[in-house]
Amino acid sequence: MWIYINKIQNYENQEVTIKGWLYNMRTSGKLLFPEIRDGYGIIQGIVSKNDVSERVWEDFLKLTQESSLIVKGVVKKHPKKPDVYELHINDITIVSIAEPYPITLKEHGVEFLSDRRHLWLRTPRQVAIMRIRHEIIQAIRDYMYQNDFILFDAPIFTPNACEGTSTLFSTDYFDLGKAYLSQSGQLYAEAGAMALGKVYTLGPTFRAEYSMTRRHMTEFWMMEPEMAYFDLDDNMNLIEDFLEYVVQRVIKTKEKELEILKRDTSKLEKVRKPFPRITYTEAVEILRKKDIPLYRKTPNGEEQIRPFPWGEDFGAPHEEALVEDFDKPVFIHRWPSAAKAFYMKRDPENPNLVLGVDVLAPEGFGEIIGGSQREDDINLLIERIKEHNLPMEEFQWYIDLRRYGSVPHSGFGLGIERMVSWICNLEHIREAIPFPRRPNRIRP
RNA sequence: UGGCAGAUAGCUCAAUGGUGGAGCAUUCGGCUGUUAACCGAAGGGUUGCGGGUUCGAGUCCCGCUCUGCCAGCCA
């Protein structure tokens, strides 16, 4: 019977068939120890020359790393290791002999592996990351479904710059001129929320920024919920509940994969409601108390400005200083309006602030969520669009949402790969997606 | 786009300005409980590209290309 390796413990002392690839093989005289992987796990087989036919023995000697094969054998407990099963092999069918495999079990450099991403994905570490990525997305979908959100897919081709700030990838669009690859589905999600109440988008987004850091890609996946009649506090309550659910679900269901990654899950177990909530203004006070200056580029290098001036956006050193005292995600809300996007609603209690919120992940993983209550006053929204020098005609449909039954509403955007990086404790975001796209890499 | 570091065997790295090495991978041989197995042997090089200094350059200098890290932008 053909089984997958993750179900092997159910078949002790039974004969099973495994279809997979040769991960590694050790030899010891007339004993062979092939390690076979099938995508669901790795199992060590044993081939004893005295117990198999000459044909089977000869076939095993032909195998190279990553050759594909089908083996038959009896599942037995490992003589020395409890809870480990191995396969006493009695037959083999070679499916394909692999050419010399470039990725060995030894160390490799980043560039070498990135050039062979299609093969790198077969290694246990990458398999574990992809399984966790899958679980994160599944947990997101389950949470949204259970909480009556409707999946509302936003278009990828768009005529306008949603935030105006980021550079967009452009392409020719028949007789209609330029089209751009979406950098956010938010504006469309707002239309969805007015139709359906609570919606979310989940899909790829694109930013043509030459960002060469461990946290950026030109193509990444984003999950963007949008809720009618939610104010900023409702929004933060949702984020809190949602993040707790996803993190706790993944550490429960993906224990084995997190162990392969050597992830310290005790740090993830602490991700429980409530999360600390500080205002931007309070955050600035913390930075001043810790004497973290603003770093600004000048023609002759860099200058440090202290105390940290109110109104400036935070950089990596500031995020780190704000997060270091907490072991949970941190909300920073009520930002200076000048630093944020046009669609964020002004704080009715202070016109210099917007009702925006960023969520910083613990352990220095930085911003994973950006959200806000949206401007629902048609006149103020038009004013903001003018202030930001955005093409008014492209936003007519968006303004319509305020023209026909405008309501308070809120939403946020979660970077899937940043979430994966955080939960898997990855050094670099390039491992968080099957085929990463960065400014200097589009292959494979 | 700016700052810093780097490019040597298929891979990961070493080599005071003086005959370019090691481990792994590959090929061959040995071993009945191996765990990135081990032991023995063999093959494997236009030192990223271009110029310069020098009796002599992987090594020093200049330019270029590429890669990595950090910063900005953000998710």
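With which side chain does the side chain of aspartate 358 make a polar contact? The partner is the side chain of lysine 340, at 3.1 Å. Let us take that pair as a landmark and look at the whole before coming back to it. Please keep in mind that the model is predicted.

Start with the overall view. Chain A has 444 residues, of which 48% count as buried. The C-alpha trace of this chain spans about 85 × 55 × 50 Å along its principal axes, and its secondary structure comes to 13 helices and 19 strands. Sequence distance is worth a thought too: among the contacts in chain A with a separation of 6 or more, 66% are between residues 24 or more positions apart.

Now walk in from the beginning of the chain. Here 5 strands close into a barrel, and going round it the order is E1-E2-E3-E5-E4, with mixed pairing. From one strand to the next, the twist averages 55°. One of the pairs to look for is E3, residues 42-48, with E5, residues 85-96: they run in the parallel sense and are joined over 3 bridges. In this part of the model, glycine 45 stands opposite leucine 87 of E5. A helix belongs to the picture as well. Helix H1, made of residues 54-62, lies across E1, E2, E3, E4 and E5, and its direction is at about 75° to E5.

Further along, a small group of strands gathers around E9, residues 178-181. Strand E7, residues 157-158, runs antiparallel to E9 and is joined to it by 2 bridges. Phenylalanine 157 has leucine 181 as its bridge partner in E9. Strand E8, residues 170-172, also pairs with E9 in the antiparallel sense, this time over 3 bridges, and aspartate 172 is matched there with lysine 178. E8 and E9 form a hairpin with 5 residues between the strands, and within this hairpin phenylalanine 174 takes a positive phi near 45°.

What about the inside of the protein? The largest nonpolar core has 54 residues, and those touching the most other members are Met223, Phe242, Leu414, Met419, Trp422 and Ile423. Several elements each supply at least two residues of this core, including helices H4, H6 and H13 and strands E10, E11, E17, E18 and E19. Apart from that core lies another, of 29 residues, with Leu322, Met344, Phe395 and Tyr398 among them. To see how one member of the largest core is surrounded, pick methionine 419. Leaving aside residues up to four places away in sequence, methionine 419 touches Ile136, Leu243, Val246, Val247, Ile368 and Leu414.

With that in view, we can return to the strands around our landmark. Strand E15, residues 330-336, is mostly covered, as 6 of its 7 residues are buried. E15 pairs in the parallel sense with strand E12, residues 277-279, over 3 bridges, and threonine 279 stands opposite histidine 333 of E15. E15 also runs antiparallel to E17, to which 6 bridges join it; here proline 336 stands opposite leucine 353. Strands in a sheet are held in such pairs, parallel or antiparallel, by hydrogen bonds between their backbones.

Aspartate 358 itself is found in strand E17. Aspartate 358 counts as buried because its relative accessible area is 6%, under the 20% limit. Its surroundings include residues of several kinds: beyond four places in sequence, aspartate 358 touches Val330, Phe331, Ile332, Trp335, Lys340, Glu367, Ile369, Gly370 and Gly371. Lys340 in that list is the polar partner met at the start.

Finally, turn to the RNA. There are 53 residues around RNA strand B, and Asn24, Asn50, Leu105, His216 and Arg418 come nearest. Of the RNA atoms that come within 4 Å of the protein, sugar and phosphate account for 49%. Three contacts show the parts of the RNA in turn. For a base, a backbone N or O atom of methionine 212 lies 3.4 Å from a base oxygen. For the sugar or linking oxygens, one of them is 2.3 Å from an N or O atom in the side chain of arginine 418. For the phosphate, an oxygen sits 2.7 Å from an N or O atom in the side chain of asparagine 440.

How values were computed. Residues numbered from 1 in each chain as written. Chains lettered and ligands numbered in written order. Predicted model: local features only at pLDDT ≥ 70, side-chain atom pairs only at ≥ 80, totals over all residues. Heavy atoms only, no water. Pairing = 2+ DSSP bridges. Helix = DSSP H or I, 4+ residues; strand = E, 2+ residues; numbered from the N terminus. Axes fitted to C-alpha atoms, helices over the stretch in contact; angles between N-to-C directions. Contact = heavy atoms within 4.5 Å. Core = buried A, V, L, I, M, F, W, Y, C linked by side-chain atoms within 4.5 Å. Buried < 20%, exposed > 50% of the residue type's maximum accessible area, 1.4 Å probe, protein only. Near = heavy atom within 4 Å. Polar contact = N/O pair within 3.5 Å; in protein donor to acceptor, adjacent residues only side chain to side chain.
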